[in-house]
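Please go through the labels attached to this model, and for each one set the computed value against the cut-off that decides it.

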Amino acid sequence: TVPAGYISGIISVLLQKGCFPFLTDTNVLYRDDRDATLTHLEVASKNGYDRLGTPIVIAGGDNSDNSVSIKGKSKYYDEFHIAREYTEVEGMIALTHFKGHGLACIGGTIKNLGMGCASRKGKFAMHANITPDIKKKKCIGCGLCVKKCPAHAISLVKKTASINQAKCIGCAQCVHTCPHGVIGIPWFSVTPQEFQEKIAEYANCARNLFGKKFFAVNFLVNITSLCDCETNPGKKIAPDMGVLFSCDPVAIDRACVDMVTAAQGPDIPAGEEKFSRTRPGSHPHFQLDHAEKTGLGRNDYEIINL
């Protein structure tokens with residue numbers, strides 16, 4: 001999490017320049033205290049974001065279904081599902097706490113853009129190649145998911161919920177509807193490389209919405225091997241190294257990877273295994289290289305110390 005105090009200066013500068021800034025995020029795909037707007041706002045408040053004097057907007061609606069479908073042509077998609085609010089703003093500053101990530105290997109600007117700007121349907125499209133998973137032995141057949149499914153893809157078969165894969169639209173609404181947590185995301189139905197490349201393609205789609213009015217800020221503090229959303233993010237994998245700024249999402253993430261890889265400290269050896277060991281077969285260059293191929297940015301960079 002980016003400490004609220006780190007953001008206040010950026011907001012002040014934007015206000016001085018006559019901008020109308022607001023803080024924003026989208027509700028998450030999985031079951032969490034950030035999967036609904038009201039509880040998500042409570043999390044923002046607990047972290048002090050409500051004391052920065054600027055509005056907080058949880059984009060995409062409470063069910064994360066207020067989205068816009070954007071046509072595109074990429075390795076994995078011909079359509080991207082983006083939270084509607086991000087198609088209506090003039091620009092964006094992506095504020096990112098850089099760290100490792102269990103699924104994406106790294107959590108930087110690319111992931112912040114790709115996953116953060118997507119609607120729930122877009123998030124599910126990145127995480128899975130199949131429909132949500134039902135733990136049939138634990139299903140009590142309450143039928144709530146049947147009533148709430150917008151595609152009418154769920155039915156009760158012998159008092160157990162069953163999803164018709166041909167009808168499922170991948171909105172993941174059933175995951176959040178089930179009161180017993182019986183329906184879940186098949187997290188490992190895509191390979192680490194596929195997952196990272198899908199994030200890169202969504203990031204490119206989101207980035208293109210803002211034209212030249214885009215800026216990335218990566219905070220290299222409290223860098224752990226796993227994401228902030230984990231109950232235990234793990235030990236620090238590098239000492240605090242400051243803040244990076246760039247207009248290029250690929251360059252800034254690549255610079256962060258290189259800096260963290262090279263960094264050493266007490267009980268912190270150098271090496272890329274700091275990231276790749278979080279999930280076997282994963283590597284940060286999957287998303288960096290594919291992001292460059294999509295036109296999101298370049299792996300080349302120059303560090304200018306200020």
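The questions and answers below concern a predicted model and take up its salt bridges, its exposure classes, its cavities and a surface patch.

Q: What makes the pair K75 and E197 a salt bridge?
A: The closest N and O atoms of K75 and E197 are 2.9 Å apart, and a side-chain nitrogen of Lys or Arg within 4 Å of a carboxyl oxygen of Asp or Glu is what the term requires, so the pair qualifies. The structure holds 8 salt bridges, and this one links distant parts of the chain, with K75 in the loop between β3 and β4 and E197 in helix α7, 122 residues apart.

Q: Why is K75 called exposed or buried, and why is E197 called exposed or buried?
A: K75 has a relative accessible area of 55%, and because exposed means over 50%, K75 is classed as exposed. E197 has a relative accessibility of 5%, and since buried means under 20%, E197 counts as buried.

Q: How do you know that D240 and K236 form a salt bridge, and what class of exposure does D240 have?
A: Their closest N and O atoms are 3.2 Å apart, which lies within the 4 Å cut-off. D240, at 46% relative accessibility, and K236, at 38%, both fall between the limits of 20% and 50%, and therefore D240 is partly exposed, as is K236.

Q: Where do R254 and D258 lie, and why is R254 called buried, partly exposed or exposed?
A: Both residues lie in helix α8, 4 residues apart, about one turn of the helix, and they form a salt bridge whose closest N and O atoms are 3.2 Å apart. R254 has a relative accessible area of 21% and D258 one of 23%; because buried means under 20%, neither value meets that limit, and R254 and D258 are partly exposed.

Q: What makes the lining of the second largest cavity nonpolar or polar by class?
A: The lining residues, including P132, C149, A153 and I163, divide into 11 nonpolar, 1 polar and no charged. Ala, Ile, Cys and Pro count as nonpolar, so the four residues named here belong to that class. This cavity has a volume of about 70 Å³, while about 90 Å³ of space lies in the largest cavity.

Q: Which residues form the nonpolar patch on the surface?
A: I93, F215, V243 and F245 form the patch, with about 310 Å² of accessible area together. Among them, I93 is found in strand β5.

Terms used:
Residues are numbered from 1 along each chain as its sequence is written. This is a predicted model: local features need pLDDT of at least 70, side-chain atom pairs count only at pLDDT 80 or more; totals for chains, interfaces and linings use all residues. Side-chain values use heavy atoms; hydrogens and water are left out. On a 1 Å grid over the protein atoms alone, a cavity is a set of points where a 1.4 Å probe fits but cannot get out, and a pocket is an open set with protein on both sides within 12 Å along at least five of seven lines; lining residues have an atom within 4 Å of a point. Grid points are joined across faces, edges and corners, and a volume is the space filled by probe spheres set on the points. Patches are made of residues with over 30% relative accessible area and no salt bridge: like charges are joined within 9 Å, nonpolar side chains (Val, Leu, Ile, Met, Phe, Trp, Tyr) within 5 Å. Accessible areas come from the Shrake-Rupley method with a 1.4 Å probe; for residues, only the protein chains shown count as cover. Helices (H or I, at least four residues) and strands (E, at least two) are DSSP runs, numbered from the N terminus. Buried means under 20% relative accessible area, exposed over 50%, partly exposed in between (1.4 Å probe, protein chains only).
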